[in-house]
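Open the model in a viewer and keep the sequence panel in sight. The tour below goes from the whole chain to single strands and then to single residues.

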Amino acid sequence: MIKRNHKPREHTRVKTGDRYEAKLLLADDVSIKDISSGGILLETSKRLNINSKYRVQIGDRNSKKIKPLAVVIRESLKGSIKRKYETAPLYEVAMKFTELTENERSFLNDLIVELR
């Protein structure tokens, strides 16, 4: 059995449920699995490239939105999703936020406090 040294997470993750949504350019189906002030875990039908940067639009139901820049640090095929006339792949994508503005940082902190 291989033992791995796990460091505690730098940022606490919280589950968003359906209270917050995310959008990516060129991706149809995007849902947030969890989020922290350091990054986001998404499920999407679009395959994203590791080490690539993307703008992730994150918003609540009241039209408050931010578009932080994030880099893909992990991506894996988790299964498939059924659409009306086809089946599409489902990817789990871990992204780390980079270059957060004060407004984006504040939005994320408020989101995390609300979801705890």
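Two strands are said to pair if DSSP finds at least two bridges between them. Helices (H or I, at least four residues) and strands (E, at least two) are DSSP runs, numbered from the N terminus. This is a predicted model, in which local features need pLDDT of at least 70 and side-chain atom pairs count only at pLDDT 80 or more, while totals for chains, interfaces and linings use all residues. Residues are numbered from 1 along each chain as its sequence is written, and side-chain values use heavy atoms, with hydrogens and water left out.

**Stop 1: the whole chain**

Select the protein chain and colour it by secondary structure. It has one helix and eight strands. From the N terminus on, the order of elements is β-β-β-β-β-β-β-β-α.

Next, show the surface. The protein chain exposes about 8000 Å², of which carbon and sulfur atoms supply 47%; accessible areas come from the Shrake-Rupley method with a 1.4 Å probe, and for residues only the protein chains shown count as cover. Of its 116 residues, 41% count as buried. Here buried means under 20% relative accessible area, exposed over 50%, and partly exposed in between (1.4 Å probe, protein chains only).

A contact means heavy atoms within 4.5 Å. Among contacts in the protein chain with a separation of 6 or more, 52% are between residues 24 or more positions apart.

**Stop 2: strand β8 and its partners**

Select residues 87-98, which are β8. Nine of the twelve residues of β8 are buried, so this strand is largely enclosed by the rest of the structure.

Add residues 69-82, which are β7. Twelve bridges join β7 to β8, and the two run antiparallel. They form a hairpin with four residues between them. Which residue of β8 is the bridge partner of L77? The partner is Y91. Likewise, G79 has L90 as its bridge partner in β8.

Now add β4 (39-44). Six bridges join β4 to β8, again in an antiparallel arrangement. To find one place where they meet, select I40, which stands opposite M95 in β8.

Strand β7 also pairs with β5: three bridges join them, and they run antiparallel. Look at Y54, which stands opposite A70 in β7.

**Stop 3: two residues in strands**

Select E75, which is in β7. Is E75 buried or exposed? E75 is buried, because its relative accessible area is 15%. Leaving aside neighbours within four places in sequence, E75 is in contact with R47, L48, I50, Y91, E92 and V93.

Move to T87, found in strand β8. T87 is partly exposed, with a relative accessible area of 49%. Apart from neighbours within four places in sequence, T87 is in contact with S80, I81 and K82. Draw a distance from T87 to S45: their C-alpha atoms are separated by 9.9 Å, and the residues are 42 apart along the chain.

**Stop 4: two loop residues with positive phi**

Most residues other than glycine have a negative phi. Select N51, where phi is near 75°, a positive value in a residue other than glycine. N51 sits in the loop between β4 (39-44) and β5 (53-60). N51 counts as exposed, because its relative accessibility is 63%.

Finish at E99, in the loop between β8 (87-98) and α1 (102-115). Phi of E99 is near 50°, also a positive value in a residue other than glycine. E99 is exposed, with a relative accessible area of 61%.
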